Every structure is written in structure tokens, then in C-alpha cells.
Amino acid sequence: MIRKRFLIALFLASITMFGMSMIWHGLLLNDLKFLEIDFHLFLGLASLAYLVIGFVLTFAYNYLSMGIGLKFKGFFLGVACGFFIYLIAFVLGISYNASDAAHTTVDFLWQMIEQGVGGSVVSFVYFLAAKRDEVLNRVSQ
């Protein structure tokens, strides 16, 4: 059964990562002008991709026990997810434009930071939900 906190974490992480991506690629790097597909189609596919990434992060956060404190588990899961997502995109040649090694390295690091923040959002939602449950348990006793 999917709990409300799962959906909240999934959507907040997805929106946060999507927003960070749009700021990075749209404002800071101005990569979006190099798109070879329709912008609306790109937004739809990117939204779907970030929903999938958010689902993977939330699912992994729930079902993987890493032996790491609650504060950092989401971040490290996100960094690992960002690492593998960029590797897949790099191997498939999916990029905004042709770039040099410095651009690729910075983009690679940004992807890991972006997904790390997404994982931290998942962690934060579950932290708040645990505190809420703790307070409700104290009140009900």
C-alpha cells in the first residue's frame, strides 16, 4: 500500500530536481536553446523522467537499509542515482549540445548534486512524517 508520505516525498523531490534542472540548463548554462525537439515535448518527457527518478529515490529510501543516519541516507542515495543516470545519458549520447571535457565534468557533478538534493528532500519528508507520528503517539497516550 502506498502511503501518503511516499507520494508527498516523490512529488516534492521530483519538482525540486526538475526545478533545479531548469535553472541549471535554462538560466545558468542556457542549454535549452540547443534543443533539437519541440520544447513542450521536452518539458513533458523531462517531467516524466523526473517523476521516475523521484519514484526510484523514494522507493530506494524506503526499502534499502544502508546503515547510515537518517540525515544522510537520502543524499547518498541521490548522489548514487545521479551518478548512474548521468552515466547512462553519457553512454547513450543524450546531451544538450556537444561539449568539452570540462563542461561534461561540471554537468556530471551537477547531476549528482541535483539528485542528492532530491534524495535529501525525500529524507526530510520522512523525517517530518516520523516526528509527526511521534507527536501523535504521545498525544494519543
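This is a short tour of a predicted model, going from the whole chain to one helix, its two packing partners and a pocket.

**Whole chain**

Start with the C-alpha trace of the full chain. Along its principal axes the trace spans about 60 × 30 × 25 Å. Colour by secondary structure next: the chain has four helices and zero strands. Read from the N terminus, the order of elements is α-α-α-α.

**Helix α1**

Select residues 4-28, which form α1. This helix has 25 residues. From the first C-alpha to the last, α1 reaches 35 Å, close to the 36 Å expected at 1.5 Å a residue. Then move to Asn30, which follows α1. The phi of Asn30 is positive, near 55 degrees.

**α1 against α2**

Keep α1 on screen and add residues 39-63, helix α2. How far apart are the axes of α1 and α2, and at what angle do the helices pack? The axes lie 8 Å apart, and the angle is about 135 degrees. That angle makes α1 oblique to α2, since over 145 degrees would be needed for a pair to count as roughly antiparallel. The crossing of α1 past α2 is right-handed. Show the side chains at this contact and colour them by class: 16 residues are nonpolar, six are polar and no residue is charged.

**α1 against α4**

Hide α2 and select residues 101-140, which are α4. Here α1 and α4 pack at about 150 degrees, with axes 9 Å apart. The two helices are therefore roughly antiparallel to each other. Their crossing is right-handed. With the same colouring by class, the contact of α1 with α4 has 16 nonpolar, five polar and four charged residues.

**The second largest pocket**

Stay with α1 and α4, and turn on a surface. Which residues line the second largest pocket? Select Lys4, Arg5, Ile8, Val125, Leu128, Ala129 and Arg132. The volume of this pocket is about 190 Å³.

Both α1 and α4 supply at least two residues of the lining. The most comes from α4, with four residues. For the spacing of positions along a helix, recall one general point. An α-helix has 3.6 residues a turn, so residues three or four places apart point the same way.

Finish by colouring the lining by class. Four of its residues are nonpolar and three are charged, with no polar residue. Lys4, Arg5 and Arg132 are in the lining, as are Ile8, Val125, Leu128 and Ala129.

How values were computed: Residues numbered from 1 in each chain as written. Predicted model: local features only at pLDDT ≥ 70, side-chain atom pairs only at ≥ 80, totals over all residues. Heavy atoms only, no water. Axes fitted to C-alpha atoms, helices over the stretch in contact; angles between N-to-C directions. Parallel < 35°, antiparallel > 145°, perpendicular 65-115°, else oblique. Left-handed = near helix turned anticlockwise from the far one by under 90°. Nonpolar A, V, L, I, M, F, W, Y, C, P; charged D, E, K, R; others polar. Expected span 1.5 Å × (residues − 1). 1 Å grid on protein atoms, 1.4 Å probe; cavity = no way out; pocket = protein on both sides within 12 Å on 5 of 7 lines; lining within 4 Å. Points joined across faces, edges and corners; volume = space filled by probe spheres on them.
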